[in-house]
Amino acid sequence: MQLARAIRNVTGLAPMILALCILSAGLTGGCFSRFDGDGASEPPASEEAPPDGDDETDEDESEPDDGDDDDSTDEMPCIPCHGSPMGDRRAVVDESGAGGHVLSGEQLTDADCQVCHEMTQHQQGSVRLRVVGGDADSIVVLSGDPLRDPSEADKLLPFCSACHGDAEQTVHAIGGDSQPACTACHNLHDPSSANLSLVSSLVYNQTLGEDKPVVFTARTDSGSFNDGDPDANDGICQVCHTATAYHQHDGTGAAHYEGVACTNCHSHAAGFIPSAGEGSCIACHSSSQGDRPAVVNSDGTGGHHLEESALTDGDCVTCHELTEHQQGTVRLWANPDDPESVIAVSDDPNELAVFCASCHSGTGHPTIHSTATSWKPTCTQCHEMHDLANGNLSLVADVVRNETLDEDKPVVFTARTGSGSYSDGEPSANDGICQVCHTATDYHRHDGTGADHYDGTNCMNCHLHATGFLPAGGATSCNGCHGVAQGARRPTVSEFSLASHHVQGASVTDADCVVCHELSEHKQGQVRLRNVDDPGNAAAAVRLVADPLSNSAEAAKLEPFCLACHDEDGAAGAAPFSNGSMPPPIDDALWASASHGVGPTTCFGDGQTFGCHGTGHGSVKVNLLAPWDGSQAGIEGDATREEEGFCYSCHDADGPASTDIQARFALATHHNVSSVDQADGSRVECADCHDPHVASTTAPLSDPDTGGSWTGTSDAFCLTCHDGAPPAAILFPGAAPGTGYDKSAFLGTTHDTQLGGRSCSHCHEAHGSSHMAMLEGRYVVTDYTPYSTDDYAACWMCHSEAKTIDQLNAFKNRHREHVRNDDSPCIVCHDVHAGYDPGEPGLINLAYPATSDDYDATLIEGQDGSTSFWIDVDRDRGNCYINCHGRNHTPKHYDREDVSTTDCTACHATPP
């Protein structure tokens with residue numbers, strides 16, 4: 001009491017230090033909202049407070065009324081109010097202030113209450129608690145009773161921990177679903193209780209669904225944790241126990257240290273898991289427990305992994321999760337380094353593989369032994385985790401079950417070489433760990449038969465545990481066998497050095513082979529391919545029964561196998577092969593809707609009918625394309641049918657694709673996709689515009705700049721290249737007709753706005769055309785060409801020849817004079833992509849013909865010497881300063897009639 005008073009008198013430190021004292025046993029009970037039978041909260045009736053400005057005692061008149069409670073303890077006395085029941089709320093302290101949190105024998109003050117309680121919403125019925133040391137937002141808001149509602153009790157853990165520290169706030173680890181928090185045992189306010197440490201006078205037994213009275217007035221003897229009084233059974237430990245071996249709520253259970261301080265062995269900080277003494281892990285499990293054998297010596301020696309050291313209870317709980325230990329359930333942390341998920345051990349040994357691999361990963365023991373039968377032994381079929389009588393190394397079991405023979409075989413493994421090693425060649429024993437299971441191998445069989453093969457040698461020199469004991473070198477390795485033909489199977493190792501191949505930049509190793517190949521039935525001649533996202537699951541392997549290059553059903557099996565690696569995380573988050581490179585990702589959702597991903601087409605195939613990639617090893621073609629050996633007939637200049645030649649395998653006259661693209665590229669003008677056309681240094685490929693893994697009939701284009709799906713207009717797509725700054729991989733020829741390749745000024749011009757979002761395709765073919773510049777119709781650009789209707793067919797697709805050439809119009813009769821009479825082509829005056837002046841509706845641009853030797857036209861210095869064409873300020877008269885065909889226009893002008901522009905978008909705005 002004197003110490004507590006002294007703490008209050010320390011200027012400036014009182015609130016913080018007092019908080020550390022006040023919060024030593026949790027916080028509940030005092031200032032909750034009213035709770036109805038369903039747990040809903042209801043605020044108490046508010047007391048009427050004087051309005052701001054009417055209180056004569058208010059010293060700070062500048063402080064606005066924000067609706068919060070007045071923090072003044074003179075106006076809001078905690079103890080006089082809560083020393084007696086308030087509506088449905090129980091009293092949490094007696095009227096003198098005694099009985100409050102921690103301060104036994106000393107009176108609380110209102111200031112003590114407000115160390116824990118944040119009062120801004122007190123009048124609204126809200127219980128808000130301050131987290132000591134937290135920021136202004138560190139407030140715990142209760143909406144229910146933590147003595148009854150576990151979710152409310154869980155909210156208090158950071159509040160309690162702020163003073164009591166994490167070491168004292170471990171949730172009680174027990175043998176059931178209920179994981180009690182602080183307020184399950186402690187009541188923060190209980191003036192009627194004489195219990196120590198604010199232990200509640202009533203504790204709710206979740207299993208029985210009833211309150212149990214508790215007497216905890218001493219730490220030893222009568223009134224202690226469990227004093228052994230069979231008529232009371234009111235110890236704080238025993239009132240909840242329903243399935244323990246000792247101290248059960250009804251007085252049953254074996255006698256066990258009655259009247260002793262339980263926390264001597266069952267510390268609060270360890271969740272009451274026994275840490276030493278007779279109730280520890282080692283004390284119990286150094287002798288048999290029912291039908292469970294002893295697993296460790298009483299001094300801690302002989303346990304798992306620590307052959308040279310003694311185990312402690314802390315070592316045991318590294319692997320074992322104990323919430324259901326008293327029910328006889330063995331539960332292990334799936335990953336001891338990250339103890340969150342739990343494995344409840346059954347009779348299936350395979351379920352322990354993930355547990356073992358959590359520590360024995362990387363260069364250790366990750367691979368399950370791959371054998372020549374459907375039986376695939378896992379870790380515990382060779383290793384014992386606890387075996388005191390066993391003298392074998394590496395916890396190898398002294399008895400191993402031979403599944404083929406259906407019998408147990410004794411094992412001696414006391415050395416890695418010589419006598420007692422893997423297979424020491426002793427014909428009367430045949431008890432080596434390798435040989436006891438072998439029934440069909442060429443060497444080291446269980447009965448001593450089979451050819452001699454390095455008897456008494458360390459088998460691990462060639463048969464690594466990490467690769468499932470597959471031979472890592474010599475004539476029996478993957479490379480050793482498959483470097484030459486195996487029966488009807490071609491040699492495959494050399495394919496990894498072809499033009500394109502898996503394992504780029506490194507020589508293929510046996511470890512690379514087993515990334516893809518699952519070998520449990522390899523000796524039976526089966527090709528089985530493992531799923532890299534689930535490599536240990538033999539059931540997930542793809543089993544081929546025919547050649548996928550000639551059988552579409554077999555090829556279809558490979559699609560999930562390919563996509564498992566070609567997704568965003570590669571091989572389960574890592575690079576699959578020894579070269580360390582991640583495979584290019586394929587979006588499986590986009591692939592599922594892509595034209596190549598539907599119907600009979602799939603990843604693997606012959607390159608002509610049902611698939612594009614013909615190998616997983618290497619190909620003479622780019623990107624592992626089929627056929628890997630280039631056995632299809634070539635096209636001119638491209639013997640391996642790469643790039644467009646490969647696409648033509650399907651996109652030609654006989655399909656199976658519906659579009660004959662090959663015929664379009666054979667026309668007079670086209671994009672230079674063939675190697676013959678690219679001899680001039682130009683370069684563009686089919687894949688620059690179309691991603692075969694994404695393109696569909698409704699969305700055929702990909703972005704040449706990024707490779708992603710194209711979502712913009714078709715005009716903007718064309719301008720990704722035809723804007724004067726194409727992607728680095730795309731190169732244009734050295735010469736171009738018209739005004740060159742920078743067509744970016746086209747956007748917003750008359751043709752663009754009148755023809756809609758696909759105006760380029762109204763005039764130009766995407767792949768190839770019989771006319772210049774891939775135009776849909778003939779368009780003459782040669783000077784002094786006598787007029788012919790067919791020469792301007794591209795123009796007459798939209799413009800009326802009669803109204804333009806043969807009748808008077810806004811340009812009077814001058815179209816007829818220039819084009820029909822003077823043999824001047826349209827291009828002399830009109831640039832179909834953009835006028836010289838932005839917004840010029842007639843697309844007038846005299847700069848190109850006047851600067852080209854192909855036209856009899858020169859500019860004359862005029863108002864605008866750079867173009868010698870201008871429109872006056874009222875935009876109703878055009879003026880030309882040009883010498884054309886020997887005639888000076890100095891200037892020539894024409895009146896522009898005020899005629900409405902025809903809207904073409906009704907017909908020409910249809911999406912591509």
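Arg-887 is exposed, with a relative accessible area of 51% (buried means under 20% relative accessible area, exposed over 50%, and partly exposed in between, with a 1.4 Å probe and protein chains only). This value, like those that follow, comes from a predicted model, in which local features need pLDDT of at least 70 and side-chain atom pairs count only at pLDDT 80 or more, while totals for chains, interfaces and linings use all residues. Residues are numbered from 1 along each chain as its sequence is written, and side-chain values use heavy atoms, with hydrogens and water left out.

Arg-887 pairs with Asp-822 in a salt bridge, with 3.4 Å between the closest N and O atoms (a salt bridge is a side-chain nitrogen of Lys or Arg within 4 Å of a carboxyl oxygen of Asp or Glu). Arg-887 belongs to strand β23 (residues 887-895) and Asp-822 to the loop between α22 and α23 (847-850), so the pair ties together parts that are 65 residues apart in sequence. Helices (H or I, at least four residues) and strands (E, at least two) are DSSP runs, numbered from the N terminus. Asp-822, for its part, is partly exposed at 21% relative accessibility. Elsewhere, Arg-401, Asp-406 and Asp-408 are joined into one network by salt bridges that share partners. The count of salt bridges comes to 14.

Another of these pairs is formed by Asp-806 and Arg-820, whose closest N and O atoms are 2.8 Å apart. Here the partners sit in helix α21 (residues 801-806) and helix α22 (residues 814-821) respectively, so the salt bridge ties together parts that are 14 residues apart in sequence. Asp-806 is partly exposed at 39% relative accessibility, and Arg-820 is partly exposed at 33%.

Helix α12 offers a salt bridge within a single element. Lys-557 and Glu-554 meet through their side chains at 2.9 Å, N to O. The two residues are 3 apart in helix α12 (residues 552-565), and therefore separated by about one helical turn. Lys-557 is partly exposed, with a relative accessible area of 30%, whereas Glu-554 is buried at 5%.

The same helix has further features worth following along the chain. At the N-terminal end of α12, Asn-551 acts as a cap, with a side-chain oxygen 3.0 Å from the backbone nitrogen of Ala-553. This is a polar contact, that is, a pair of N or O atoms within 3.5 Å; within protein, one must be able to donate a hydrogen and the other to accept it, and residues adjacent in sequence count only if both atoms are side-chain atoms. A kink of about 25° lies at Leu-558, shortly before the proline Pro-560 (the bend at a residue is the angle between axes fitted to the seven residues ending there and the seven starting there). Buried residues of α12 include Ala-555, Leu-558, Phe-561 and Leu-563. Among the elements that cover the buried residues of this helix are α11 (510-516), β14 (542-544) and α13 (588-593), where contact means heavy atoms within 4.5 Å.

The strands β7, β8 and β9 form an open sheet in the order β7-β8-β9, with antiparallel pairing (two strands pair if DSSP finds at least two bridges between them). β7 (320-321) and β9 (342-344) stand at the edges with a single partner strand each, so one side of each is left without a neighbour in the sheet. Strand β8 (residues 331-333) pairs with β9 over 3 bridges in the antiparallel sense, and Arg-331 stands opposite Ala-344 in β9.

Two loops also deserve a look. His-186 lies in the loop between α6 (157-164) and β5 (202-205) and is buried, at 16% relative accessible area. Its side chain reaches the backbone oxygen of Ser-197 at 2.9 Å. Gly-425 is in the loop between β11 (407-410) and α10 (478-482) and is partly exposed at 40% relative accessibility. Gly-425 and His-444 are 19 residues apart in sequence, with their C-alpha atoms 8.0 Å apart in space.

Finally, the cysteines. A search of the whole structure finds 0 disulfides, a disulfide being a pair of cysteine sulfur atoms within 2.5 Å. The sulfur of Cys-237 has its closest cysteine sulfur, in Cys-262, at 3.8 Å, too far for a bond. Cys-689 is in no disulfide either, the nearest cysteine sulfur being that of Cys-721, 6.1 Å away. Cys-689 is partly exposed, at 22% relative accessibility.
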